[in-house]
2 protein chains.
Amino acid sequence: MLTPERHQTILKLLQDKKTVKMKELVEAANASESTIRRDLSYLEEQRKLRRVHGGASIKSAASEELSLQEKKTVHLAEKQAIAKYAASLVRDGDSIFLDAGSTTYEMIPYLSQKNVLVVTNGLSLLETLTGYDIETYVVGGRIKRKTRAVIGAHAVESLKHYRFDKSFLGINGVHPKEGFTTPDPEEAVVKKTALQLSGETFILADSSKFNEITFAKVADIREAGIISDAPDDILPIFKELTEVKVVTP
Amino acid sequence: MLTPERHQTILKLLQDKKTVKMKELVEAANASESTIRRDLSYLEEQRKLRRVHGGASIKSAASEELSLQEKKTVHLAEKQAIAKYAASLVRDGDSIFLDAGSTTYEMIPYLSQKNVLVVTNGLSLLETLTGYDIETYVVGGRIKRKTRAVIGAHAVESLKHYRFDKSFLGINGVHPKEGFTTPDPEEAVVKKTALQLSGETFILADSSKFNEITFAKVADIREAGIISDAPDDILPIFKELTEVKVVTP
DNA sequence: TTGTTTTTGATTGATTTTGATTGAAAAATG
DNA sequence: CATTTTTCAATCAAAATCAATCAAAAACAA
């Protein structure tokens, strides 16, 4: 059996069963354990599957539609590392903007000891912010159900009531030429406005966001700092353009 | 059984049963207690579940809801009767303002069949409004922790982006001479602004609110209709001043 | 053919996972 | 509130699995 055929066999079996044991693969592909191991390593490298002790499992993103709760736990350790560093930049007395998103959400516990004023467009953050007794302002405007973010023209107007020492934004795409991008233009304009109202802006981006381009542009790379867990090989080009802080989970 | 499969089994079982005992998990996953314990620790770390003595339970978005729910059950029948009638006043295509509060909250289910646009300063209402797929706008501004309402000067500014066919306000005091009053001036000014931006305004007031006076004035009695479950003996004087609808639970 | 490169499968020592055991901690009981 | 029972976390040795290595087999090139 040729290598590509073996790979197909493995992926097909995984598709059906969600998780599959080494032994099953050895039989299905009629190859040795060593060979299957090599295949699994390769396919994991290609992001086609996830290796686990004893076999392999499909990537969880493909396995099921993620609930909001689950989305929060994808790359949780990375997000927490990013969030922790981001929060460490906040000084006592700062006014900051926290974008809607799961990484900014993780910043909240680290802010609780500081005397900060937080403005946010993320409804999911409100409960936790007020729970930690942080002085909280919410941006007004239309609610986007899927992301539980406040967006649109009213949100932009509402934001202009404030000025920020620092703002912390989530993002979908980070690209050297196309800058920071996000799929929804109405979200993009909110992020852009927050950036313009801030002394400094930091983009919180896990490694999956780099060299991606999505529909709506928020800003050029030069306009904001980047905090990320991305490995060294993809970062040098960005380091030439702006401040980049790398954190490790 | 591979680790991810075991995790899925555990989560699935939990999804169905809400809480699950150690023994059940051991049997369902066909693994030792130690292994299940390790799985539970991991899944709790991942925030997929909550460990409890003797097993595990689903993350309590449900239990938080409950405590809120409990608060709402004081005079629930009365509130629901008031809310149901209030909602019946809303016409297809209306833009309405819903004040923060438990009675306005009860209006939401009755609004779900109509094509309405809702603006609110009540954070507690947002989840349910968007859950019913109602087009929702949130007022921007400072969050008052105790009542989970958006208040203050920014809220007033933010409100002025909108015009309402009808608005529905909660209140603390209803008095023939002193009008509608509420303890917090910053809440009062938000209610007052909503009233001024509305074609019609309805005050939702259970019987305990009548002939009470609190600190900050919202409006004169003449400026809004009243919907209440109050008994006949205290209402005549108000009926001379404005439209009063009496509902019975 | 002959030499070279690539792929494969077996081996081995290292790593990870697992289940049993233990004393400690928490709930249940009287 | 003391006692009993249950559940828990920590530890450890056994089992399973893994990555690394290397030689044989296969594919390839000259």
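What follows is a conversation about a predicted model and about why certain terms apply to parts of it.

Trainee: Why is the pair Asp133(B) and Arg145(A) called a salt bridge?

Mentor: The side chains of Asp133(B) and Arg145(A) meet at 3.3 Å, N to O, and because the rule asks for a nitrogen of Lys or Arg within 4 Å of a carboxyl oxygen of Asp or Glu, the pair qualifies. This pair crosses between chains, from the loop between H7 and E6 of chain B to the loop between E7 and strand E8 (149–151) of chain A.

Trainee: What makes Asp133(B) count as exposed, and is Arg145(A) exposed or partly exposed?

Mentor: Asp133(B) has 58% relative accessibility, and exposed means over 50%, so the word applies to Asp133(B). Arg145(A) has a relative accessible area of 44%, which lies between the 20% and 50% cut-offs, and therefore Arg145(A) is partly exposed.

Trainee: Which other salt bridge joins an Asp133 and an Arg145?

Mentor: Asp133(A) and Arg145(B) also meet in a salt bridge, at 3.3 Å, N to O, and the count between chain B and chain A is four salt bridges.

Trainee: How do you know that Arg6(B) and Asp39(B) are buried?

Mentor: Arg6(B) has a relative accessible area of 10% and Asp39(B) has 4% relative accessibility; buried means under 20%, so both residues meet the rule. Their side chains meet in a salt bridge at 2.6 Å, N to O, and the pair links distant parts of the chain, with Arg6(B) in helix H1 and Asp39(B) in helix H3 (residues 33–45), 33 residues apart.

Trainee: Why is Glu24(A) called partly exposed?

Mentor: Glu24(A) has a relative accessible area of 27%, which is neither under 20% nor over 50%, so partly exposed is the term that fits. Lys17(A), which meets Glu24(A) in a salt bridge at 2.6 Å, N to O, has 39% relative accessibility and therefore also counts as partly exposed.

Trainee: What makes E7 of chain A and E6(B) paired strands?

Mentor: Two bridges join strand E7 (residues 141–144) of chain A to E6(B), and the two run antiparallel; at least two bridges are required, so the strands pair. Gly141(A) stands opposite Val138(B) in E6(B).

Trainee: How many residues of each chain are in contact, and what area is buried between the chains?

Mentor: There are 34 residues of chain B in contact with 41 residues of chain A, and the two chains bury about 3000 Å² between them, 57% of it on carbon and sulfur atoms. Leu2(B), Arg47(B) and Arg145(B) supply 21% of the area that chain B buries against chain A, more than any other three residues.

Definitions and conventions. Residues are numbered from 1 along each chain as its sequence is written. Chains are lettered from A and ligands numbered from 1 in the order in which they are written. This is a predicted model: local features need pLDDT of at least 70, side-chain atom pairs count only at pLDDT 80 or more; totals for chains, interfaces and linings use all residues. Side-chain values use heavy atoms; hydrogens and water are left out. Contact means heavy atoms within 4.5 Å. Buried area is the accessible area (1.4 Å probe) that two parts lose on being put together, summed over both. Helices (H or I, at least four residues) and strands (E, at least two) are DSSP runs, numbered from the N terminus. Buried means under 20% relative accessible area, exposed over 50%, partly exposed in between (1.4 Å probe, protein chains only).
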